[in-house]
Amino acid sequence: MEQLAILWDSTALAHFQSGQLIMMAVGGLLLYLAIVKKFEPLLLFPIGFGALLTNIPLAGFTEPGGMLYYIYEVGIHSGVFPLLIFMGVGAMTDFGALIANPRMLLLGAAAQFGIFATLFGAIALNFIPGFDFTLKDASAIAIIGGADGPTAIFLASRLAPDLLGAIAVAAYSYMALVPIIQPPIMKALTTPEERKIEMAQLRHVSAK
């Protein structure tokens with residue numbers, strides 16, 4: 001009987017905690033949305049798969065020598081991954097519409113209001129028992145309001161490394177779930193005729 005107890009204690013099942021089970025369920029949900037629903041699979045699939053791996057007890061993926069440990073140290077702690085993402089997004093972005101109509105820059109500036117709203121919201125949560133965010137924590141969380149994943153990862157790794165996982169999942173899941181979030185809002189604020197309007201670029205902009 002003692003040997004069975006030792007065998008059971010050496011398995012991952014004996015060391016599961018409620019938080020790990022919840023995060024694995026979240027990871028499974030993200031994998032489902034990525035594979036079945038095709039919601040931003042390039043974002044949600046690696047996030048969901050990583051959530052499953054990091055929450056397996058005794059697996060050691062995140063400990064020194066583990067696979068995810070080296071990925072974190074080389075790519076995130078050093079700041080290389082956010083820079084590569086920025087370069088890739090910049091190379092793939094078509095700025096023709098913005099150059100043709102510079103006033104659209106104001107739409108991008110609106111993201112700053114989201115950042116400050118999230119900052120004050122995170123600080124206000126400290127009035128609720130159980131929350132204790134420092135100004136650095138709140139600043140890292142606030143970048144989620146700008147809907148900018150690479151910046152959220154970079155800033156969280158510098159200001160609040162302990163919140164990096166939660167911030168990365170929140171930021172990228174929020175952006176990936178836009179196809180679910182936007183339609184009801186658009187239907188509530190526009191008429192069917194307005195939604196049928198085809199947006200055309202004001203003028204052609206040379207790629208040279």
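**Entry 1: helix pairs**

A note to myself before starting: a helix axis here is a line fitted to C-alpha atoms over the stretch in contact, and the angle between two axes runs from 0 to 180 degrees between N-to-C directions. I also keep in mind that this is a predicted model.

I looked up α11 against helix α12 (residues 178-189) and got an angle of about 55 degrees, with the axes 5 Å apart. α11 and α12 are therefore oblique to each other. On the α11 side, the contact is made by Tyr174, Met175 and Ala176; on the α12 side, Val178, Pro179 and Ile181 make it.

Then I took helix α10 (residues 149-159) with helix α11 (residues 164-176). These two pack at an angle of about 170 degrees, and their axes are 9 Å apart. That makes α10 roughly antiparallel to α11, because an angle over 145 counts that way. I listed who meets whom: α10 brings Gly149, Pro150, Ala152, Ile153, Ala156 and Ser157. From α11 come Leu164, Ile167, Ala168, Ala171, Tyr172 and Met175.

**Entry 2: the whole chain**

I stepped back to the fold. How many helices and strands does the protein chain have? I get 13 helices and 0 strands, so the pattern along the sequence is just α, repeated: α-α-α-α-α-α-α-α-α-α-α-α-α.

I checked burial next: of the 208 residues in the protein chain, 25% are buried. The chain exposes about 14400 Å², with carbon and sulfur atoms supplying 71% of that area. For contact range, I took pairs at least 6 apart in sequence; 52% of those contacts join residues at least 24 apart.

**Entry 3: Ala152**

Back to the α10/α11 pair, via one residue. Is Ala152 buried or exposed? Ala152, which is found in helix α10, has a relative accessible area of 1%. I call Ala152 buried, since the cut-off for that is under 20%.

Leaving aside neighbours within four places in sequence, I find Ala152 in contact with Ile143, Ile167 and Ala171. Ile167 and Ala171 are also among the α11 residues that meet α10. I also pulled the distance to Leu164: 12 residues apart in sequence, 8.4 Å apart in space, C-alpha to C-alpha.

**Entry 4: Ile76**

Ile76 sits in helix α4. Its relative accessible area of 19% makes Ile76 buried, as the limit is under 20%. Which residues does Ile76 contact, leaving aside neighbours within four places in sequence? I wrote down Ile71, Phe81, Ile153, Ser157, Arg158 and Leu164. So I could tie α4 to the pair from the opening entry: Ile153 and Ser157 of α10, and Leu164 of α11, appear in the list of residues that meet between those helices.

I checked the separation from Leu164 too. The C-alpha atoms of Ile76 and Leu164 are separated by 9.8 Å, with these positions 88 residues apart along the chain counted as their spacing.

**Entry 5: nonpolar surface patch**

I searched the surface for nonpolar residues and found a patch of about 700 Å². Its members are Met67, Ile71, Val80, Phe81, Leu84, Ile85, Met87 and Val89. The elements giving two or more residues are α4 (67-77) and α5 (80-92). Which of them supplies the largest share? α5 does, with 6 residues.

I picked Ile71 for a closer look. Ile71 belongs to helix α4. With a relative accessible area of 39%, Ile71 is partly exposed, because that label covers values between 20% and 50%. Ile71 and Phe81, both members of the patch, are also contacts of buried Ile76.

**Entry 6: two spot checks**

I looked at Ala138, which is in helix α9 (residues 135-142). Ala138 is buried, with a relative accessible area of 0%. Not counting residues up to four places away in sequence, I see Ala138 touching Leu119, Ala122 and Ile123. Ala138 and Gly121 are 17 residues apart in sequence, and I get 8.4 Å between their C-alpha atoms.

Then I went to Gly19, in helix α2 (residues 18-35). Gly19 counts as partly exposed, at 40% relative accessibility. The C-alpha atoms of Gly19 and Asn55 are separated by 8.7 Å, and the two residues are 36 apart along the chain.

Notes
Residues are numbered from 1 along each chain as its sequence is written. This is a predicted model: local features need pLDDT of at least 70, side-chain atom pairs count only at pLDDT 80 or more; totals for chains, interfaces and linings use all residues. Side-chain values use heavy atoms; hydrogens and water are left out. Patches are made of residues with over 30% relative accessible area and no salt bridge: like charges are joined within 9 Å, nonpolar side chains (Val, Leu, Ile, Met, Phe, Trp, Tyr) within 5 Å. Accessible areas come from the Shrake-Rupley method with a 1.4 Å probe; for residues, only the protein chains shown count as cover. A salt bridge is a side-chain nitrogen of Lys or Arg within 4 Å of a carboxyl oxygen of Asp or Glu. Helices (H or I, at least four residues) and strands (E, at least two) are DSSP runs, numbered from the N terminus. Buried means under 20% relative accessible area, exposed over 50%, partly exposed in between (1.4 Å probe, protein chains only). Angles under 35 degrees count as roughly parallel, over 145 as roughly antiparallel, 65 to 115 as roughly perpendicular and the rest as oblique. Contact means heavy atoms within 4.5 Å.
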